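Biologist: Please take me through this model one step at a time. I would like the reasoning along with each answer.

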Amino acid sequence: MIPLQKGSRQGAKRKNAQSNIIAYLAENEPENMYKIGKQTGLYYSSVHKVINTSLSTGIVQPEGDTESEKNKNVKTTSYGLTFKGVLKYLSTFKIFPDPPF
């Protein structure tokens with residue numbers, strides 16, 4: 001068994017969180033970080049890290065500001081997938097079956 005390198009487990013968790021967020025955004029309307037966390041079961045801090053990383057890599061983009069449900073004086077930003085993000089989501093699907101040989 002190969003020992004895990006320091007930080008590799010956390011990297012795997014972040015990749016899984018990113019996959020969950022990308023899938024959620026692909027299958028739903030653009031949403032703010034709080035609602036993404038609630039719907040995916042991820043902590044807000046995890047959603048925040050993944051959204052910021054995805055913004056810098058061009059997978060996610062801000063879609064607009066809306067009123068917060070809790071405080072009407074606060075605006076929250078909704079995020080949606082870019083074309084690159086949609087392609088990343090679609091790349092997770094297996095299109096062709098494995099060859100029989």
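**Contacts, surface and confidence**

Modeller: This is a predicted model. Apart from its neighbours within four places in sequence, T82 is in contact with G58, I59, V60 and Q61.

Biologist: Where does T82 lie, and is T82 buried or exposed?

Modeller: T82 lies in the loop between strand 3 (75-81) and helix 4. Buried means under 20% relative accessible area. T82 has a relative accessible area of 14%, so T82 is buried.

Biologist: What is the order of the elements in the protein chain?

Modeller: The secondary structure of the protein chain consists of four helices and three strands. Read from the N terminus, the elements run α-β-α-α-β-β-α.

Biologist: Which residues make the nonpolar surface patch?

Modeller: Residues of a patch need over 30% relative accessible area. F83, in helix 4 (residues 83-90), has 63% relative accessibility and therefore counts as exposed. The patch covers about 500 Å², and its residues are F83, V86, L87, L90 and F93.

Biologist: How is the one aromatic pair arranged?

Modeller: A pair of aromatic rings is described by the distance of the centres and the angle of the planes. The structure holds one such pair. The ring centres of Y89 and F93 are 5.2 Å apart and the planes are at 85°; planes over 60 degrees apart count as edge-to-face, so this pair is edge-to-face.

Biologist: Which burial class does each of Y89 and F93 fall into?

Modeller: The class between under 20% and over 50% is called partly exposed. Y89 has a relative accessible area of 14%, so Y89 is buried. F93 is at 45% relative accessibility, and therefore F93 counts as partly exposed.

Biologist: Which residue forms a salt bridge with E31?

Modeller: The count in this model comes to one salt bridge. The rule asks for a side-chain nitrogen of Lys or Arg within 4 Å of a carboxyl oxygen of Asp or Glu. The closest N and O atoms of the pair are 3.7 Å apart, and the partner of E31 is K35.

Biologist: Which burial class does each of E31 and K35 have?

Modeller: E31 has 17% relative accessibility, so E31 counts as buried. K35 has 27% relative accessibility, so K35 counts as partly exposed.

Biologist: What separates the C-alpha atoms of G41 and N20?

Modeller: G41 sits in the loop between helix 2 (33-40) and helix 3. G41 has a relative accessible area of 65%, so G41 is exposed. G41 and N20 are 21 residues apart along the chain, and their C-alpha atoms are separated by 9.4 Å.

Biologist: What share of the contacts in the protein chain with a separation of 6 or more comes from residues 24 or more positions apart?

Modeller: The protein chain has 101 residues, and 26% of them count as buried. Its accessible surface is about 7,700 Å², with 55% belonging to carbon and sulfur atoms. For contacts with a separation of 6 or more, the share from residues 24 or more positions apart is 44%.

Biologist: In which helix is confidence highest, and in which is it lowest?

Modeller: The protein chain averages a pLDDT of 85, and 85% of the residues score at least 70. Over residues 1-12 the pLDDT is below 50, and beyond near neighbours in sequence this stretch has one contact in the model. Confidence is highest in helix 3 (residues 44-57), at 96, and lowest, at a mean of 77, in helix 1 (residues 8-27).

Terms used
Residues numbered from 1 in each chain as written. Predicted model: local features only at pLDDT ≥ 70, side-chain atom pairs only at ≥ 80, totals over all residues. Heavy atoms only, no water. Patch = residues over 30% accessible without salt bridge, like charges linked within 9 Å, V, L, I, M, F, W, Y side chains within 5 Å. Areas by Shrake-Rupley, 256 points an atom, 1.4 Å probe, with all protein chains shown as cover. Helix = DSSP H or I, 4+ residues; strand = E, 2+ residues; numbered from the N terminus. Buried < 20%, exposed > 50% of the residue type's maximum accessible area, 1.4 Å probe, protein only. Phe/Tyr/Trp six-rings, centres within 6.5 Å; stacked < 30°, edge-to-face > 60°. Contact = heavy atoms within 4.5 Å. pLDDT = per-residue confidence, 0-100.
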